[in-house]
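Reader: I would like to understand the labels attached to this structure, and on what grounds each one is given. Could you take me through them?

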Amino acid sequence: MKKLAVVFFVAVLGLALTAPAFALEHEFGGYWRVRMYNNTNFDGVDNDVSREGEVQLADTRTRLYYTAIINDNLKFVNKFEMDAVWGDDSSYGDIGADGKVIEVKNTYIDFNYGDASIQLGTQGQTIQRGFMFDDDFSGITIGMAGATAIYMKAIEDAKNDGSPSDSPSDGVQVWHLNYAFGQDALKITPNVTYEDLPYGDEYYFLGLDVDGSAGGLGYWATFIYEGGDYEDMDVSAYLIGAGVDLAVSDAMSINFEAFYATGDDDDDEINAFTAPAGQSYYWSEIMGLGIFDDYTSNGSCADGISNVMAANVGASLNVTEKLTLALDLWYAQLAEDDANGNTDLGTEVDLNLAYTIIEGLRLHAVAAYLFAGDATTGGVSDDANPFEIGAQFSIKF
């Protein structure tokens with residue numbers, strides 16, 4: 001009887017000690033994709049002999065998410081990523097497939113303190129649609145009553161030329177503040193961003209976002225003015241963008257978009273729009289990275305929007321519940337001449353197909369063609385038009 005009492009006591013004590021763990025909730029999720037694509041003539045040159053500008057490959061990306069919900073006011077969030085090009089022996093894509101390629105995307109705590117929501121650690125964030133920032137960083141985000149404040153530590157120690165510094169104060173830091181007014185029908189968000197650079201150099205950004213909808217019409221606009229000083233030169237630049245999405249019917253919509261970012265005109269000021277590291281705004285498939293985002297055509301700014309003006313018109317059609325087709329036409333040119341005096345990047349046609357193969361598994365196919373301008377081809381005699389074809393299989397869970 002005494003032994004039974006001891007066993008019972010130990011069991012109750014064990015349950016008491018482990019009870020808090022039972023209250024802990026776990027969330028698992030992730031994303032997986034396989035891409036297969038072919039980029040041809042991306043340098044704007046006929047490549048019958050050389051393979052420059054040519055890419056044919058398949059790759060895999062896996063992202064795994066784990067969140068520990070400690071209580072109603074505290075979460076611990078982690079996101080991991082594994083990438084491999086098929087056949088590449090520097091990752092797990094080769095024979096044997098045992099490469100060590102696990103990357104940490106995010107690891108942070110997400111907690112509520114009074115009316116404030118706070119994320120502390122390595123996290124992701126988007127500022128002004130990516131025209132300013134869309135990436136991961138280490139820092140703090142605080143949101144409260146429509147306002148959002150962000151601190152990013154971009155570089156711990158660096159001189160202006162990127163070499164290591166002897167002073168810990170010579171890092172790069174970014175502060176951001178925005179406040180959203182209005183409701184879903186019309187929301188106006190002023191933005192202020194400040195980038196502190198080594199040796200007293202600085203950039204500041206004054207921005208405004210507008211988002212609205214009315215019936216089947218959705219629209220947005222963004223404006224950013226950039227000022228400051230860098231190496232005894234004044235900075236004066238700007239970016240402006242706008243877009244419209246109109247639902248013509250339950251199955252069809254049309255869209256319009258345009259943006260302009262200043263380039264440098266070689267006067268005694270810095271006039272090229274230059275956002276902090278982490279700027280990322282995807283647009284067309286060839287000039288603007290698109291779904292196969294490892295390469296872009298020659299002369300284009302890719303997702304780092306600067307020294308460019310671009311415009312788009314497109315349409316999307318839900319053919320069936322599982323199949324969607326989209327057609328987009330883009331035109332782009334440099335805001336300021338390149339070294340050869342050229343500005344025309346070209347006119348691009350993008351055809352996208354999205355199809356749900358089975359529930360949870362999605363196919364995305366792309367065919368894109370760029371009628372290249374002189375700023376893409378460089379005006380060489382054997383110039384050629386870039387084109388791209390590819391397919392992506394993906395799941396989310």
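Author: In this predicted model, S12 and S13 form a hairpin with 2 residues between the strands, and Glu 231 in that turn has a positive phi of about 50°.

Reader: How do you know that S12 and S13 are paired?

Author: Two strands pair if DSSP finds at least two bridges between them; S12 and S13 are joined by 14 bridges and run in the antiparallel sense, so the criterion of at least two bridges is met. One position that illustrates the pairing is Gly 218, which stands opposite Asp 245 in S13.

Reader: What makes S11 and S12 a pair as well?

Author: The argument rests on the bridge count again, since strand S11 (residues 202-214) and strand S12 (residues 217-230) are antiparallel with 13 bridges, where at least two are required. Val 210 has Ala 221 in S12 as its bridge partner, and the hairpin of S11 and S12, with 2 residues between the strands, contains Gly 215 with a positive phi near 65°.

Reader: What supports the pairing of S2 with its partners S1 and S3?

Author: Strand S1 (residues 25-40) and strand S2 (residues 55-71) are antiparallel over 15 bridges, and Gly 29 has Tyr 65 in S2 as its bridge partner. S2 is also joined by 12 bridges to strand S3 (residues 74-85), again in an antiparallel arrangement, with Asn 71 bridged to Leu 74 in S3 and a hairpin of 2 residues linking S2 to S3. Both counts meet the minimum of two bridges, and therefore both are called pairs.

Reader: Why is Asn 41 called buried?

Author: Buried means under 20% relative accessible area, and Asn 41 has 10%, so the label buried applies to Asn 41. Asn 41 lies in the loop between S1 and S2, and its phi is near 60°, a positive value in a residue other than glycine.

Reader: Why, then, is Arg 129 called partly exposed?

Author: Arg 129 has 23% relative accessibility, which falls between the 20% limit for buried and the 50% limit for exposed, and therefore counts as partly exposed. Arg 129 is placed in the loop between strand S5 (116-127) and strand S6 (133-144), and its phi, near 65°, is positive although the residue is not glycine.

Reader: Is Leu 345 buried or exposed?

Author: Leu 345 has a relative accessible area of 0%, and because buried means under 20%, Leu 345 is buried. Leu 345 is found in strand S18 (residues 344-358), and its C-alpha atom is separated by 9.8 Å from that of Met 309, which is 36 residues away along the chain.

Reader: What makes Val 313 eligible for the nonpolar surface patch?

Author: Patch residues need over 30% relative accessible area, and Val 313, found in strand S16, has 38%, so Val 313 passes that cut-off and is also partly exposed. The patch covers about 800 Å², and its members include Leu 217, Val 244, Phe 256 and Leu 329 as well as Val 313. Strand S13 (233-247), S14, strand S16 (308-318) and strand S17 (323-333) each supply at least two residues of the nonpolar patch.

Reader: Which residues form the patch of negative charge, and how accessible is Asp 265?

Author: Asp 234, Asp 264, Asp 265, Asp 266, Asp 267 and Asp 268 gather there on the surface. Asp 265, in the loop between strand S14 (252-261) and strand S15 (269-270), has a relative accessible area of 38%, so Asp 265 is over the 30% needed for a patch and is classed as partly exposed.

How values were computed: Residues numbered from 1 in each chain as written. Predicted model: local features only at pLDDT ≥ 70, side-chain atom pairs only at ≥ 80, totals over all residues. Heavy atoms only, no water. Patch = residues over 30% accessible without salt bridge, like charges linked within 9 Å, V, L, I, M, F, W, Y side chains within 5 Å. Areas by Shrake-Rupley, 256 points an atom, 1.4 Å probe, with all protein chains shown as cover. Salt bridge = Lys/Arg side-chain N within 4 Å of Asp/Glu carboxyl O. Lys, Arg positive; Asp, Glu negative; His and termini not counted. Charge placed at Lys NZ, Arg CZ, Asp CG, Glu CD. Helix = DSSP H or I, 4+ residues; strand = E, 2+ residues; numbered from the N terminus. Buried < 20%, exposed > 50% of the residue type's maximum accessible area, 1.4 Å probe, protein only.
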